[in-house]
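Hello,

Here is the structure I promised to pass on. Have a look at it first, and my notes on what turned up follow below.

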Amino acid sequence: MNIAATLLAGVHYGGSSWWAVGNGGQVWRGNGATWSAVDIGTTDDVHGVWAFSDVDVWVSGANGMLRHFDGTSWRAIATGTNDPLLMPRAVDNSTLYVGSFSNPGRVRRIDIPRAAVPEPSPLALVAAGAAALALRRQRTRLRNGRT
């Protein structure tokens with residue numbers, strides 16, 4: 001099937017890709033010249049798409065379906081509903097909002113799980129502090145005309 005024959009429900013641009021969604025689990029990715037079909041692992045109708053980037057894409061649809069693409073694979077996200085979900089939207093990179101087709105005016109908030117930033121090791125902190133101190137001493141010597 002080609003994208004011209006697809007009943008499109010949503011289109012969004014993120015990163016360097018266009019994303020289009022439609023009935024029967026159809027998701028398409030475009031680069032400005034061509035479109036390629038993408039398998040997201042469901043045949044449920046897809047009603048909306050939101051792309052933060054090429055490696056952070058969200059689609060929503062029938063039966064409470066919400067899926068996330070991390071640049072490698074698509075993963076189903078539990079929403080706690082079987083309502084058809086419409087057009088995901090985000091105001092920042094930590095919260096996603098999806099509308100409910102069955103309950104107009106009802107919006108679901110989805111907290112986006114993000115990988116935790118690792119804490120630096122104590123040794124790395126000591127090394128960074130030593131480097132900062134050495135740089136400060138070098139600047140002081142240069143200001144005083146010493147090398």
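A good place to start is valine 27, which touches Trp19, Ala20, Val21, Ser36, Ala37, Val38, Ile40, Val46 and Val59, leaving aside residues up to four places away in sequence. Please keep in mind that this is a predicted model.

Besides Val27, the largest nonpolar core includes Trp19, Val21, Ile40, Val46 and Val59, and it has 12 residues in total. Two or more residues each come from strand 2 (17-22), strand 5 (46-53), strand 6 (56-61) and strand 7 (65-69). Strand 5 gives the largest share, 3 residues. There is also a second, separate core of 10 residues, with Trp58, Ile77, Ala90 and Leu96 among them.

The aromatic residues are worth a look too. The count comes to 5 aromatic pairs. In one of them, the rings of tryptophan 50 and phenylalanine 52 have centres 6.3 Å apart and planes at 80°, so this pair is edge-to-face. Tryptophan 50 counts as buried because its relative accessibility is 16%, whereas phenylalanine 52, at 27%, is partly exposed. Elsewhere, ring pairs join Trp19, Phe69 and Trp74 into a cluster, and these three residues also belong to the largest nonpolar core.

On the surface, you will find a nonpolar patch formed by Leu8, Val11, Tyr13, Trp18 and Trp35, which together have about 470 Å² of accessible area. Strand 1 (residues 8-14) gives the most to this patch, with 3 residues. Tyrosine 13 lies in strand 1 and counts as partly exposed, with 41% relative accessibility.

Happy viewing, and best wishes!

Key
Residues are numbered from 1 along each chain as its sequence is written. This is a predicted model: local features need pLDDT of at least 70, side-chain atom pairs count only at pLDDT 80 or more; totals for chains, interfaces and linings use all residues. Side-chain values use heavy atoms; hydrogens and water are left out. A nonpolar core is a set of buried Ala, Val, Leu, Ile, Met, Phe, Trp, Tyr and Cys residues joined through side-chain atoms within 4.5 Å. Buried means under 20% relative accessible area, exposed over 50%, partly exposed in between (1.4 Å probe, protein chains only). Helices (H or I, at least four residues) and strands (E, at least two) are DSSP runs, numbered from the N terminus. Contact means heavy atoms within 4.5 Å. Patches are made of residues with over 30% relative accessible area and no salt bridge: like charges are joined within 9 Å, nonpolar side chains (Val, Leu, Ile, Met, Phe, Trp, Tyr) within 5 Å. Accessible areas come from the Shrake-Rupley method with a 1.4 Å probe; for residues, only the protein chains shown count as cover. A salt bridge is a side-chain nitrogen of Lys or Arg within 4 Å of a carboxyl oxygen of Asp or Glu. Rings of Phe, Tyr and Trp (its six-membered ring) pair if their centres lie within 6.5 Å; planes under 30 degrees apart count as stacked, over 60 as edge-to-face and the rest as tilted.
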